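Here's a quick briefing to read alongside the structure. Have the viewer open and follow the topics in turn.

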Amino acid sequence: MALTKIGKEGITGISNSANATAITISADEEVTMPLQPAFMAGPASAITNPAHDSTITLDSEAFDIGSNFASNTFTAPVTGKYQLNVTVRLQEIDDAINYTYITLNTSNRSYYNIISPTGFDSDMAFLTLTISVLADMDANDTAFLTFHYVGGSQTIDIANFGNGTVFSGILVG
């Protein structure tokens, strides 16, 4: 690590061995870490009638700092705490389905958001399920999303990236 400059502007760069700025501290004490592993991805197009227990396709990336996201899966580059966020917009939900849920699967545990649409008096046009967790991940642990439903007819669709389905994460410590 090499210190680039300290002055009234703050610390303008702490470089790593590849001579890339790893940390910048402004004069107002705002800290940025442009090399911090982070990603945001979603489906490029709507997923029509996904099967029960299927992996949610995330084939469109907004960003992937560190290139740790591939094939619908985030792989932790280092051991740490990762803030993981999921928003899945379901569409055309049959009110005869007993329940439907999404799962954020990590190597250490799984996180769920579940709903039973049987309490509604008609099919729903859309519903958004979310998961937000601070996950403990070791180097090379993975995280990916799955979709599930039980009962009723499978008419549920998953919206694309631009219409509300997104998976994101960042190493926070």
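Val172 sits in the segment that comes after β17, a strand covering 166-171. It joins Leu134 and Ile170 in a nonpolar surface patch of about 260 Å². Keep in mind that this is a predicted model.

**The overall picture**

- DSSP-wise, you're looking at 17 strands and zero helices.
- Of the 173 residues in the protein, 39% are buried.
- The protein exposes about 8800 Å², and 51% of that comes from carbon and sulfur atoms.
- Take the contacts with a separation of 6 or more: 66% of them link residues that are 24 or more positions apart.

**Who pairs with β11**

- Strand β11 (residues 80-93) runs antiparallel to strand β14 (residues 124-137), and the two share 13 bridges.
- For a landmark on that pairing, find Lys81, whose bridge partner in β14 is Asp136.
- β11 also pairs with β17, again in the antiparallel sense, over six bridges.
- Here the spot to look at is Asn85, which stands opposite Ser168 of β17.
- Strand β16 (residues 157-158) is another antiparallel partner of β11, with two bridges.
- On that stretch, Gln91 of the pairing faces Asp157 in β16.
- As background for reading these strands, side chains in a regular strand alternate between the two faces of the sheet.

**The nonpolar core**

- The largest nonpolar core is made of 34 residues.
- Within this core, the residues with the most contacts are Ile56, Leu84, Val86, Leu90, Leu104, Met137 and Phe167.
- Two or more core residues come from each of β5 (38-42), β11, β12 (99-106), β13 (110-115), β14, β15 (142-150) and β17.
- β14 is the top contributor, giving seven residues to the core.
- In soluble globular proteins, nonpolar side chains generally tend to be buried together.

**A closer look at Met137**

- Which residues does Met137 contact once its neighbours within four places in sequence are left aside? They are Phe74, Ala76, Val78, Thr79, Gly80, Tyr82, Leu84, Asn108, Thr142 and Ala143.
- Leu84, one of those contacts, is also listed with Met137 among the core residues with the most contacts.
- Met137 falls within the residue range of β14, the strand that gives the most to the core.

Conventions
Residues are numbered from 1 along each chain as its sequence is written. This is a predicted model: local features need pLDDT of at least 70, side-chain atom pairs count only at pLDDT 80 or more; totals for chains, interfaces and linings use all residues. Side-chain values use heavy atoms; hydrogens and water are left out. Patches are made of residues with over 30% relative accessible area and no salt bridge: like charges are joined within 9 Å, nonpolar side chains (Val, Leu, Ile, Met, Phe, Trp, Tyr) within 5 Å. Accessible areas come from the Shrake-Rupley method with a 1.4 Å probe; for residues, only the protein chains shown count as cover. A salt bridge is a side-chain nitrogen of Lys or Arg within 4 Å of a carboxyl oxygen of Asp or Glu. Helices (H or I, at least four residues) and strands (E, at least two) are DSSP runs, numbered from the N terminus. Buried means under 20% relative accessible area, exposed over 50%, partly exposed in between (1.4 Å probe, protein chains only). Contact means heavy atoms within 4.5 Å. Two strands pair if DSSP finds at least two bridges between them. A nonpolar core is a set of buried Ala, Val, Leu, Ile, Met, Phe, Trp, Tyr and Cys residues joined through side-chain atoms within 4.5 Å.
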